[in-house]
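Trainee: Could you take a close look at one residue for me, and set it in the context of the whole chain?

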Amino acid sequence: MAISPWNGVAIDGYDPVSYFTDEKPRPGSPLYEFVWRDAVWRFANEGNLAAFKAHPDVYAPRFGGFDPNGVARGLLVKGDSHVFAMSDMDKRLYLFSNEDSRRTFISDQDLAAKANSMWQELVVKVVP
């Protein structure tokens, strides 16, 4: 999971549910926090917190918030919370390190499958 080494907060403190409901990142609040997979997740309101608690795998960004292009190459490159895409195929949130990476991902239909395959290998290396 791409979390802050200083405070353990995931995706820079942005509310992961807001990408789905507002179609943009909204800052989360320390008033609405939930610990999942050793990371602190923040939410803009109690409703978004409840939605995430019920289905964290739906709302958390794919590949732990790492850039899918890096993952496809076997690298863990932290995604930027403001550079994102919602996949039409799997209705999931993807974070990218920059706009070029985002454009590459959107234009390459096979990149998600490559990243998914490589992610399984990376997770084994990172999580003993």
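Mentor: Quick definition to begin with: helices (H or I, at least four residues) and strands (E, at least two) are DSSP runs, numbered from the N terminus. On that basis the protein chain has 6 helices and 6 strands, and their order along the sequence is β-α-β-β-β-α-α-α-β-β-α-α. Keep in mind that this is a predicted model: local features need pLDDT of at least 70, side-chain atom pairs count only at pLDDT 80 or more, and totals for chains, interfaces and linings use all residues. Residues are numbered from 1 along each chain as its sequence is written, and side-chain values use heavy atoms, with hydrogens and water left out.

Now zoom in on Ile106, which sits in helix H5 (residues 99-107). Is Ile106 buried or exposed? Neither label fits: its relative accessibility is 46%, so Ile106 counts as partly exposed (buried is under 20% relative accessible area, exposed over 50%, partly exposed in between, with a 1.4 Å probe and protein chains only). Its C-alpha atom lies 8.5 Å from that of Ser87, and the two residues are 19 apart along the chain.

Zooming back out, 45% of the 128 residues of the protein chain count as buried. Among contacts (heavy atoms within 4.5 Å) with a separation of 6 or more, 53% are between residues 24 or more positions apart. As for overall dimensions, the C-alpha trace spans about 40 × 35 × 25 Å along its principal axes.
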